[in-house]
Amino acid sequence: PKMSVEHEEQFEPTPYVVAIITYIGYVMLAVFGHMRDFLRNHGFEKNLIATEPARTKDFVPLYQNFESFYTRNLYRRIRDCWNRPIRTCPGAEFELIDRKSPDHGWSFEYPGTHTRAINFGSYNYLGFAETDGPCADAAAAATETFGCGVGSPRAEAGNLDLHTRLEATVAEFVGAEDAIIFPMGFATNALNMPALIGKGCCVLSDELNHSSLVLGARLTGAKIKVFRHNDIADVEAKLRDAIVYGQDRTRRPFKKILIVVEGVYSMEGSVTRLPELIALKKKYKAYLYLDEAHSIGAMGLTAEA
């Protein structure tokens, strides 16, 4: 069965009062951070910051004081609002490990209690993180048969029958002739996009794309144009400009034009307007790069195209 996706996204606007109070809070934290650093540097307050030993003063410093200002004075004080350790699998619910800090986040004490909470921040869509069930059992069986790793690139001596079978399964699942598997999602985007296009090409990238897609686009050496999130009219306008004006200096036509989007944007939860993007790429003879890290297997069998 095909799945119909409603593309009329609605986002709750941030109230002005909340935005203003938030900015005022950041400004106050920055001001007090500079004051606290001044007191630490002059011995009026205990310095808990990692510092360089005197014997390495002639080397390039490992700790840049200015670069770590935000982490030291702002993020450290508020990180416990979300960076909470858990003690169970990241399912629909999990247990948080309770802790408290006597020194505003420099160190923590653990009373040994736990809090049951609803999980809104996990990527465990298909249950791969569970300790029992079909995924865990299959992983344990594969480890007993094939070991924990091959210790070599596939092109040399690291190709197993398991890899070939997995690629055939993935290709069948997505309805393609063949597939290539990689051990890391970030590297899949960052290191393989440059193999698809290069200099003399153009990349049209959604403004909310993942950092792996952004890095991959930069490594291609191609011209990068950013369009507004899920704005098909803006995509078409950028496509037309790329076709009409071509490359910056020579005005020669781009060798390839690649539209780069995600299936489901993990931070926002929005779904890309895939049918309209496919229609655009066919109309203008462009290419489409779809990152389905957060959508494949979670959005149904197929989507209307």
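## Two loop residues with positive phi

At 48% relative accessibility, H104 counts as partly exposed, and in this predicted model the residue is placed in the loop that runs between β2 (93-97) and β3 (114-118). The phi angle of H104 is near 60°, which is a positive value in a residue other than glycine. Most residues other than glycine have a negative phi.

A second residue of this kind is N230, whose phi is near 55°, again a positive value in a residue other than glycine. N230 belongs to the loop between β5 (223-227) and α7 (232-245), and with a relative accessible area of 8% it is buried, whereas H104, at 48%, is partly exposed.

## Cysteines without a disulfide

How many disulfides does a search of the whole structure find? The search finds 0, and for C89 the reason lies in distance, because the closest cysteine sulfur, in C135, is 11 Å from the sulfur of C89 and therefore too far for a bond. A disulfide would need the two cysteine sulfur atoms to be within 2.5 Å. Seen from the other side, C135 is likewise in no disulfide, and the nearest cysteine sulfur to that of C135 is the one in C89, 11 Å away.

The surroundings of these two cysteines can be described by their accessibility. C89 has a relative accessibility of 19% and counts as buried, because the limit for a buried residue is under 20% relative accessible area. C135, with a relative accessible area of 26%, is partly exposed.

## The pairing of helices α5 and α6

Two packed helices are described by the angle between their axes and the distance between the axes. For helix α5 (residues 185-196) and helix α6 (residues 211-220), the axes come within 7 Å and cross at roughly 20°. The two helices are therefore roughly parallel to each other, since angles under 35 degrees count as roughly parallel. The crossing of α5 and α6 is right-handed.

Which residues make the contact between α5 and α6? On the side of α5 they are F186, N189, A190, M193 and P194, while α6 contributes S211, S212, L213, L215, G216, A217, L219 and T220. Divided by character, the residues of the contact of α5 with α6 comprise 8 nonpolar and 5 polar ones, with no charged residue among them.

Terms used
Residues are numbered from 1 along each chain as its sequence is written. This is a predicted model: local features need pLDDT of at least 70, side-chain atom pairs count only at pLDDT 80 or more; totals for chains, interfaces and linings use all residues. Side-chain values use heavy atoms; hydrogens and water are left out. Buried means under 20% relative accessible area, exposed over 50%, partly exposed in between (1.4 Å probe, protein chains only). Helices (H or I, at least four residues) and strands (E, at least two) are DSSP runs, numbered from the N terminus. Axes are lines fitted to C-alpha atoms, for helices over the stretch in contact, and angles run from 0 to 180 degrees between N-to-C directions. Angles under 35 degrees count as roughly parallel, over 145 as roughly antiparallel, 65 to 115 as roughly perpendicular and the rest as oblique. A crossing is left-handed if the near helix is turned anticlockwise from the far one by less than a right angle, and right-handed if clockwise. Contact means heavy atoms within 4.5 Å. Ala, Val, Leu, Ile, Met, Phe, Trp, Tyr, Cys and Pro count as nonpolar, Asp, Glu, Lys and Arg as charged, and the others, Gly among them, as polar.
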